[in-house]
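Okay everyone, thanks for coming. I'll put the structure up, and then we can walk through it together.

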Amino acid sequence: MRWRCRDRVFDLESRPLLMGVLNITPDSFSDGGRFFAPDAAIAHGRRLLDQGADLLDVGAESTRPGSEPVPAAEQWRRLEPVLAELARDPRACLSVDTASAEVAERALGLGAQVVNDVTALGDPRMAAVAAAGAGLVLMHMQGTPADMQRAPRYEDAPADIARWLQGRLEVARQAGIAGERIALDPGIGFGKTLEHNLELLARLEILTALGRPVLVGVSRKSFIGRLLDLPVDQRLEGSLAATAVAVFSGAAIVRTHDVEATRRAVRIAAAIRAARTRAHEPRHS
Ligand code: HH2
């Protein structure tokens, strides 16, 4: 399977992609404030590339539970100097983590290749912006960050979310966005209980069956903290375990704050997955 993001075409058969997280925010749940200054953000982006990130997911708005939207003008004020500098690095494939079509359009103008939209085209102008050629991540969220963790409810979380993502995929295609440019994401932690998150990871094949690359972001999230009873700065091993399971189950792109450690864990999980694929291939005598 391939994922086309403007001039980049990723071959997802060979190995999963690593998407490094770069939050230019004062309030993100795990690293808020650490990379808020442009110089710190640029240095961290370069560090993630050195560690092997295939993409940098650059965001200026926290979507942690309870957070409020950040106006487009403020998002852009935070993003512009960082994107402008990182876009000069030939290794960088830049993804902009925004639900605002205005911000996405400006980021694409500066050279970003991917729009990571946690509202899956919630902004009515987003489809037209993405149709200009970018890669697009469509993520599922029940509710909004302000209210999503109040009382999430599903009949059957993986099946409900797969159906919803299939619908958004259709909407995107009808807006002129080629299927080969779209990746799908169940939105771990976005309007989901601990059980919902575990079920999604346990039944990821219901999403891979939709025929598009599946992106999974578990890094440092609260379900890991709940299972281990650990704060956000002690969730690396739990994040790696969940990421390895996701890759074994077919995730093609993993979103992480810890690129170096995740690259190592993903390599092992992907090797075991490849061995399973080979074992199921017909044997020639
Ligand atoms: N998770 C977060 C943000 N954006 N995008 C996608 N596609 N998938 C995810 O799972 C996802 C995402 C939350 O993580 P982080 O950016 O570290 O936190 P915050 O939203 O507080 O900035």
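Let's start at the ligand, with Asn-23: an N or O atom in the side chain of Asn-23 sits 3.1 Å from one of the ligand's oxygen atoms. Keep in mind that this is a predicted model.

Asn-23 has company. His-257 puts a polar side-chain atom 2.6 Å from an oxygen atom of the ligand, while for Asn-116 the partner is a ligand nitrogen atom, with a distance of 2.8 Å. And how much of the ligand's accessible area does the protein cover? On its own the ligand has 480 Å², and the protein covers 99% of that.

So who is standing around it? The ligand is surrounded by 17 residues, and the closest are Ser-28, Ser-62, Asp-185, Lys-221 and His-257. Sort that shell by class and you get seven polar, five charged and five nonpolar residues.

Now, away from the ligand. In soluble globular proteins, nonpolar side chains tend to end up buried together. Here, the largest nonpolar core contains 68 residues, and Leu-79 and Val-216 have the most contacts inside it. Which residues does Leu-79 touch, if we skip those up to four places away in sequence? They are Ile-24, Val-58, Gly-59, Ala-60, Val-96 and Val-103. There's also a second, separate core, with 14 residues, including Cys-5, Leu-12, Ala-252 and Ile-253.

Last stop: aromatic rings. Searching the whole structure turns up one aromatic pair. The partners are Trp-3 and Phe-10, in a tilted arrangement, with 6.1 Å between the centres and 35° between the planes. Trp-3 and Phe-10 are both buried.

That's my tour, thanks for listening!

Conventions
Residues are numbered from 1 along each chain as its sequence is written. This is a predicted model: local features need pLDDT of at least 70, side-chain atom pairs count only at pLDDT 80 or more; totals for chains, interfaces and linings use all residues. Side-chain values use heavy atoms; hydrogens and water are left out. A nonpolar core is a set of buried Ala, Val, Leu, Ile, Met, Phe, Trp, Tyr and Cys residues joined through side-chain atoms within 4.5 Å. Buried means under 20% relative accessible area, exposed over 50%, partly exposed in between (1.4 Å probe, protein chains only). Contact means heavy atoms within 4.5 Å. A residue is near a molecule or strand if one of its heavy atoms lies within 4 Å of it. A polar contact is a pair of N or O atoms within 3.5 Å; within protein, one must be able to donate a hydrogen and the other to accept it, and residues adjacent in sequence count only if both atoms are side-chain atoms. Accessible areas come from the Shrake-Rupley method with a 1.4 Å probe; for residues, only the protein chains shown count as cover. Ala, Val, Leu, Ile, Met, Phe, Trp, Tyr, Cys and Pro count as nonpolar, Asp, Glu, Lys and Arg as charged, and the others, Gly among them, as polar. Rings of Phe, Tyr and Trp (its six-membered ring) pair if their centres lie within 6.5 Å; planes under 30 degrees apart count as stacked, over 60 as edge-to-face and the rest as tilted.
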